[in-house]
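Visitor: I should be grateful for a guided reading of this protein model. May we begin with one of its helices?
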Amino acid sequence: MTLIQVQNVDFGYSANRQILSDINLDIAPGDTVGLVGESGSGKTTLLRLLLGLARPDRGSITFDGQTLDTGNRAFMRQFRRQAQIVFQDPYSSLDPRQTIFSIIAEPLRSLKIDGDHRQMVADALEAVGLDRDAATRYSHQFSGGQRQRIAIARAIVARPRFLLADEAVSALDLTTRTRIVDLLARLSAEMTLLFVSHDIGVVAALCRRIVIIEKGRIVEHGETAEILKNPQHPYTQRLLASVPRLTVNEISS
Ligand SMILES: Nc1ncnc2c1ncn2[C@@H]1O[C@H](COP(=O)(O)OP(=O)(O)OP(=O)(O)O)[C@@H](O)[C@H]1O
């Protein structure tokens, strides 16, 4: 069974420069997949396509068996409820003029989800390990790690099936990063997670499967343990060589 299927996708922002080439990717419901590649390899671009923010030049993307058709408004409304994203920068992604309640409830408002928004926001705060009183405060009153928890609460408040995280822990210090990775690991028990990072060490700690992208092409993919033990592609070998040995030993043990 597949939740997201990407078949033979090419994409370029302009006609004379292709950014993604022949991308094929299957993500099963409940899976935790890490997309790893260096800066500029096309990770964010692929996320944009998976969110329906851009359209492939060739090939197709399906979600739960239905083509991700950006022109189909009824489908996109349903889809937006089911797929949410957490961005890298917890400072710029939260509006400083809005209360935390208003920030977290935003998807409930924009997706016109009925119900008790106060309770839903309180549940989301609890799920990310923040006190429900946080709802009345403003983002500048929180640390970087707490802000990222708030961004994650906003992403999960509508109970999506598919959570995308784009370099969601890269801006955080090491201890905070570990805590947020632990939180995402807990949440991934209830949803499908696509975690994007240039850091294969962080991805390996969180994801069951790894997809390696180089210059817009998937060069290797497989089970995390297999890739760590026996990387086939020279690019994967280079990425692994750049992770401090201790970390690789820890995450593969
Ligand atoms: N809006 C855009 N218009 C034109 N080119 C773009 C646009 N966004 C990204 N690119 C180009 O597409 C290529 C892939 O960028 P992308 O942001 O997808 O890479 P990435 O792997 O996510 O990198 P990073 O880790 O630095 O975020 C880069 O060469 C980039 O310059």
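Visitor: Which residues are buried in helix α3 (residues 100-110)?

Guide: Please note that this is a predicted model. A residue is counted as buried if 20 or more other C-beta atoms lie within 10 Å of its own. In helix α3, the residues that are buried are I100, I103, I104, A105, P107 and L108.

Visitor: Against which elements do the buried residues of α3 pack?

Guide: One of the buried residues, I104, may serve as an example. Leaving aside its neighbours within four places in sequence, I104 is in contact with V121, A124, I150, A153, R154 and V157. Taken together, the buried residues of α3 pack against β6 (83-86), α4 (117-127) and α5.

Visitor: Which helix gives the most to the largest nonpolar core?

Guide: The largest nonpolar core has 73 residues. Those with the most contacts inside it are I104, L125, A153, V157, A165, F195 and V203. The helix that gives the most to this core, with six residues, is α5 (residues 144-156).

Visitor: Is K112 buried or exposed?

Guide: K112 lies in the loop between α3 and α4. Its phi is near 55°, a positive value in a residue other than glycine. The limit for an exposed residue is 12 or fewer other C-beta atoms within 10 Å. Because K112 has 8 such atoms within 10 Å, this residue is classed as exposed.

Visitor: Where is D64, and what is its degree of exposure?

Guide: The phi of D64 is also positive, near 55°. D64 has its place in the loop between β4 and β5. Residues between the limits for buried and exposed, 20 or more and 12 or fewer, are partly exposed. With 16 other C-beta atoms within 10 Å, D64 is therefore partly exposed.

Visitor: Which strands are the edge strands of the open sheet?

Guide: Four strands form this sheet in the order β2-β1-β4-β5, and their pairing is antiparallel. Within it, β1 (residues 4-11) and β4 (residues 58-63) pair over five bridges. The strands that pair on one side only are the edge strands, β2 (20-27) and β5 (66-67).

Visitor: What angle does the direction of helix α1 make with that of β1?

Guide: Helix α1 (residues 43-50) packs on the sheet. There it touches β1, β2 and β4. The angle between its direction and that of β1 is about 120°.

Visitor: How many charged residues does the shell around the ligand have?

Guide: The residues around the ligand include Y13, I19, K43 and H198. By class, the shell has two nonpolar and eight polar residues. The number of charged residues is one.

Key:
Residues numbered from 1 in each chain as written. Predicted model: local features only at pLDDT ≥ 70, side-chain atom pairs only at ≥ 80, totals over all residues. Pairing = 2+ DSSP bridges. Helix = DSSP H or I, 4+ residues; strand = E, 2+ residues; numbered from the N terminus. Contact = placed C-beta atoms within 7 Å. Axes fitted to C-alpha atoms, helices over the stretch in contact; angles between N-to-C directions. Core = buried A, V, L, I, M, F, W, Y, C linked by C-beta atoms within 7 Å. Near = placed C-beta within 6 Å. Nonpolar A, V, L, I, M, F, W, Y, C, P; charged D, E, K, R; others polar.
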